[in-house]
Amino acid sequence: MSDEYNTLLASITKRCEATNQSHILTHLSDDSISQSDKLSFLQSINEIQLEKLSSYLQGALDEEEKLKNFDPTNVTKEDMIEPFIGGLSTKDTSQQDTLNEANSIGMKAVSNGEVAALLLAGGQGTRLGYNGPKGMYDIGLPSKSTLFQYMSERIKKLGELSGKGAKAVPFYIMTSPLNHKATTEYFEQNNNFGIDVHFFPQGTLPALTSPDGKMILETKTSLAVAPDGNGGIYPALVKHGILNDMKKRGIKYIHAFGVDNALVKPADPTFVGYCIKKDADCGNKVLWKTSPDEKVGVVATKGGNPCIVEYSDISKEMSERRDVNGRLVFGAGNICNHFYTLDFMENVIVPNLGNMYHVARKKIPYYDEEKKETVKPTSNNGIKLESFIFDVFPLSKNIAVLDVARSEEFAPVKNPPGTASDSPDTARMLFSNVAKEWVKKAGATLVGDLESDLCEISPMTSYNGEGLEKYKGKEIECPFSI
């Protein structure tokens with residue numbers, strides 16, 4: 001055995017003994033396993049924070065028990081859920097001056113090189129019937145652009161509008177072990193679309209038995225692992241030096257969003273500027289719920305602290321409650337579109353990372369010592385630990401909420417073609433409708449197939465409807481591609 005192997009084995013053996021995980025090393029004495037496989041196995045274990053697993057699991061189990069025993073008829077002040085009060089709506093025409101000011105503040109921050117875009121792109125397109133990273137999916141518009149391309153070109157256009165050029169806003173993309181290679185190769189083939197792009201993979205956590213917290217072997221030399229949830233973005237930012245890179249660049253503000261929204265506005269200056277104006281440490285862009293039974297988490301407060309409350313945790317009375325204007329009180333729907341200051345990330349979120357895991361009981365494939373093979377159980381036999389990106393909201397001292405128009409900013413691509421909602425078809429229609437509205441506002445008249453879902457304005461032509469003055473007084477035939 002090599003010196004590297006022996007040194008690593010000694011170190012990991014000591015750590016496993018101290019954390020009651022020695023069982024995972026059982027097969028290292030098996031001569032039928034190659035040294036390279038044994039070394040790879042030890043290296044994978046070395047990446048795990050063994051010393052913290054027990055506290056992660058205990059915190060998650062405590063939370064699960066608390067939720068199980070929750071009595072809605074005897075709610076303590078700490079557990080009291082109330083509607084979030086405050087925020088601004090882009091649909092409120094009386095607030096146009098405030099929105100214009102916010103946009104100016106945001107554009108200045110972009111121009112100063114203080115804003116970064118952060119994309120959660122760890123998902124595969126399996127649910128869409130697409131074999132590849134979801135961001136490489138083409139929703140069927142004339143340009144054949146992918147979700148990655150739309151986002152990248154919006155960032156490029158925003159940089160140009162700021163006067164600082166295409167690379168004014170760095171684009172950080174969190175991949176996953178499943179799609180990191182395909183994603184980076186795709187961007188490389190497209191010369192990063194002319195912008196400043198940085199990639200880093202999401203982390204994983206080992207599956208554990210309950211309640212003793214033993215790691216589960218999937219094969220003789222591999223652990224059963226799973227992604228650590230979209231909240232895994234925070235430890236990944238630390239592990240891969242992304243926060244340090246941002247700091248060196250002078251980044252002060254971060255706009256984070258998910259990959260499956262075809263209409264997302266990366267580094268949106270209005271959202272960023274509003275959060276800066278409010279001196280917010282954290283922000284959430286939301287869509288107001290259209291009905292009480294819409295299955296989406298909402299911004300609320302719990303024990304006086306901001307949070308996201310899942311729809312399943314809100315009573316029927318709460319979900320149907322309306323204000324004097326008939327608007328749902330618990331209506332600020334969460335769409336994974338967030339703002340942070342770098343200071344909040346570094347000094348508040350990072351020190352609290354270990355307190356945010358939740359229990360997901362799953363069927364975990366495991367190595368059966370008697371059968372000498374990997375077995376897929378028929379019932380839940382273990383726990384996957386996961387965290388959510390919004391778990392950090394209660395840490396905020398001043399959160400800003402911006403309510404935006406669903407028709408202008410949210411075209412989710414989640415379900416396969418032909419599905420009635422959140423599909424490439426519905427996203428294409430929403431995208432086309434935005435293009436039509438932009439040219440009409442510019443003073444053009446639409447003719448032809450006015451119901452077409454193949455109308456498109458390239459992000460390189462316009463970020464948010466600006467720059468279309470030359471079409472004033474002209475007829476534009478649908479479908480069109482500008």
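Let us begin with the loop between α6 (180-189) and β5 (197-201), where N192 lies. In this predicted model, the phi of N192 is near 55 degrees, a positive value in a residue other than glycine. N192 is partly exposed, with a relative accessible area of 23%.

A second residue shares this topic. C336 also has a positive phi, of about 55 degrees, although it is not a glycine. Its setting is a strand, β14, which covers residues 332-341. C336 is buried, with a relative accessible area of 18%; the limit for that term is under 20%.

I turn now to the peptide bonds. The bond from S210 to P211 is cis, and its omega is near 5 degrees. On the ribbon, P211 can be found in the loop between β6 (204-206) and β7 (217-219). Another cis peptide bond joins C478 and P479, with omega at about -5 degrees. P479 sits in the segment after β21 (475-478).

C478 leads us to the cysteines. How many disulfides does a search of the whole structure find? The search returns zero. C478 itself is in no disulfide: the nearest cysteine sulfur belongs to C455 and is 4.0 Å away. Because a disulfide requires two cysteine sulfur atoms within 2.5 Å, the distance of 4.0 Å from C478 to C455 does not qualify. C478 is buried, with a relative accessible area of 3%. C275 is likewise in no disulfide, and the nearest cysteine sulfur, that of C282, is 8.0 Å away. C275 is buried too, at a relative accessible area of 0%.

Next, the empty space inside the protein. Rolling a probe the size of a water molecule over the atoms shows where such space is left. The count comes to three cavities of 30 Å³ or more.

The largest cavity has a volume of about 130 Å³. Which residues line the largest cavity? They are R154, L263, K265, E408, F431, V434, A435, W438, I457, P459, S462 and Y463. Helix α13, residues 424-441, provides the largest share of this lining, with four residues. By character, the lining of the largest cavity divides into eight nonpolar residues, one polar and three charged.

The second largest cavity has a volume of about 60 Å³. Its lining consists of G231, Y234, P235, L353, M356, Y357, S387, F388 and D391. Here the division is six nonpolar, two polar and one charged.

Finally, let us step back to the chain as a whole. It contains 13 helices and 21 strands. The radius of gyration of the chain is 24 Å, close to the 23 Å that the globule rule gives for 482 residues, so the chain is as compact as a globular protein of that length. Along its principal axes, the C-alpha trace spans about 80 × 60 × 45 Å. Buried residues make up 50% of the 482 residues. What share of the contacts between residues at least 6 apart in sequence joins residues at least 24 apart? In this chain the figure is 74%.

To close, I would recall two points. The model is a predicted one, and a search of the whole structure finds zero disulfides, as the discussion of the cysteines set out. Of the cavities, the largest, at about 130 Å³, has helix α13 as the source of the largest share of its lining.

Definitions and conventions
Residues are numbered from 1 along each chain as its sequence is written. This is a predicted model: local features need pLDDT of at least 70, side-chain atom pairs count only at pLDDT 80 or more; totals for chains, interfaces and linings use all residues. Side-chain values use heavy atoms; hydrogens and water are left out. Buried means under 20% relative accessible area, exposed over 50%, partly exposed in between (1.4 Å probe, protein chains only). On a 1 Å grid over the protein atoms alone, a cavity is a set of points where a 1.4 Å probe fits but cannot get out, and a pocket is an open set with protein on both sides within 12 Å along at least five of seven lines; lining residues have an atom within 4 Å of a point. Grid points are joined across faces, edges and corners, and a volume is the space filled by probe spheres set on the points. Helices (H or I, at least four residues) and strands (E, at least two) are DSSP runs, numbered from the N terminus. Ala, Val, Leu, Ile, Met, Phe, Trp, Tyr, Cys and Pro count as nonpolar, Asp, Glu, Lys and Arg as charged, and the others, Gly among them, as polar. The radius of gyration is taken over C-alpha atoms; the globule rule is 2.2 Å times the number of residues to the power 0.38. Contact means heavy atoms within 4.5 Å.
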